[in-house]
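Work through the exercises below with the structure in view. Try each task before reading its solution.

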Amino acid sequence: MVDVWSGWTELVAIKNKASKWVREAIEKVQRRLPFELRGIDSDTVLNLLIILCDWCEKHQIKFTRGRSSRSNDNCYVEQNNYSIVRQNVGYFRYDTEEEVYYLNRLYAYLRLYANFFQPVMKMTEKKRIGSKVQKKHDDIKTPYQRLLESSYVSVAQKERLTRLYKALDLFHLRQKITACQRKLFSLQKKKNVKNKNLEETVWNF
């Protein structure tokens with residue numbers, strides 16, 4: 001989940017797309033957001049639309065759907081899916097309970113790293129001049145810095161964010177991220193070896 005204005009990003013791994021896990025993930029994100037969740041703009045996956053629509057109606061949260069006629073119907077999420085998720089966990093399939101557990105541990109550290117230490121640019125203007133598209137961007141800032149400047153975030157919420165930021169150690173945070181990555185890759189390697197041995201056993205039989 002990505003907040004469009006600030007770029008604040010939340011990451012949660014779930015076992016599958018069953019409504020139980022999707023609802024639990026949304027509520028987990030809602031509890032740790034540094035601002036009030038007032039609306040959700042979803043992509044156009046049918047089962048996800050149904051789950052989110054029901055959940056938002058129950059909690060009186062505005063629900064809209066993304067650009068249904070475009071392949072990148074939720075471009076903000078898709079961009080971070082590459083820059084934050086794929087760049088850190090690769091394209092492996094993580095489907096065991098142990099893998100999901102360590103994936104969520106990694107995401108807990110990645111959300112802190114991305115939101116407090118990774119600056120992002122926001123496009124402020126886009127116009128076409130002949131065959132070229134000209135874009136203008138604002139100053140590079142982290143999502144944390146953008147929230148501190150927002151009038152929609154309360155003073156108490158800003159103070160909590162600042163306390164959390166001061167408590168973070170970038171070096172140790174990177175160490176924890178690396179440790180989780182190594183564990184995930186180790187689990188993936190063991191699984192691949194096991195699957196390869198199983199294939200060889202079936203073939204030899």
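**Exercise 1.** Find which residue of strand 2 is the bridge partner of I40, and describe how the two strands are joined.

*Solution.*
Step 1. The model is a predicted one. In it, I40 has F63 of strand 2 as its bridge partner.
Step 2. Strand 2 covers residues 62–65, and 4 bridges join strand 1 to it. The two strands run parallel.
Step 3. Now take the faces of strand 1. I40 and S42 form its covered face, while G39 and D41 form the uncovered one.

**Exercise 2.** Check the span of helix 1, then work out where its buried residues lie around the axis.

*Solution.*
Step 1. Helix 1 consists of 14 residues, 19–32. At 1.5 Å a residue, its expected span is 20 Å; the multiplication uses one less than the number of residues.
Step 2. The C-alpha atoms at its ends are 20 Å apart, so the expected span and the model agree.
Step 3. Four names are needed next: V22, A25, I26 and V29 are the buried residues of helix 1. Because they cover an arc of only 95° around the axis, they lie on the same side of the helix.
Step 4. Their cover includes strand 1 (39–42) and helix 2 (46–58).

**Exercise 3.** Decide whether E10 is buried or exposed, and list the polar contacts of its side chain with R32 and R111.

*Solution.*
Step 1. E10 is located in the segment before helix 1.
Step 2. Its relative accessibility is 3%; buried means under 20%, so E10 counts as buried.
Step 3. The side chains of E10 and R32 are joined by a polar contact of 2.6 Å. With the side chain of R111, that of E10 makes a polar contact of 2.8 Å.
Step 4. Leaving aside neighbours within four places in sequence, the contacts of E10 are M1, V29, R32, L33 and R111. One of these, V29, is also among the buried residues of helix 1.

**Exercise 4.** State which backbone atoms the side chain of N115 reaches.

*Solution.*
Step 1. N115 belongs to helix 4 (residues 97–117). Its relative accessible area is 0%, so N115 is buried.
Step 2. The backbone nitrogen of T9 is reached by the side chain of N115 at 2.8 Å.
Step 3. A polar atom of that side chain also lies 2.8 Å from the backbone oxygen of R111.
Step 4. Not counting residues up to four places away in sequence, N115 touches G7, W8, T9, T142, P143 and Y144.

**Exercise 5.** Explain why C56 and C53 do not form a disulfide.

*Solution.*
Step 1. A disulfide is a covalent bond between the sulfur atoms of two cysteines.
Step 2. The structure holds 0 disulfides. For C56, the nearest cysteine sulfur is that of C53, 7.4 Å away. The cut-off is within 2.5 Å, so this pair does not count.
Step 3. C56 is buried, at 1% relative accessibility. C180 is buried as well, with a relative accessible area of 4%.

**Exercise 6.** Compare the sequence and space separations of L168 and L112.

*Solution.*
Step 1. L168 sits in the loop between helix 6 (155–167) and helix 7 (170–204).
Step 2. In sequence, L168 and L112 are 56 residues apart; in space, their C-alpha atoms are 8.5 Å apart.
Step 3. Not counting residues up to four places away in sequence, L168 touches L112, F116 and F117.

Terms used
Residues numbered from 1 in each chain as written. Predicted model: local features only at pLDDT ≥ 70, side-chain atom pairs only at ≥ 80, totals over all residues. Heavy atoms only, no water. Buried < 20%, exposed > 50% of the residue type's maximum accessible area, 1.4 Å probe, protein only. Arc of directions from axis to C-beta. Contact = heavy atoms within 4.5 Å. Polar contact = N/O pair within 3.5 Å; in protein donor to acceptor, adjacent residues only side chain to side chain. Pairing = 2+ DSSP bridges.
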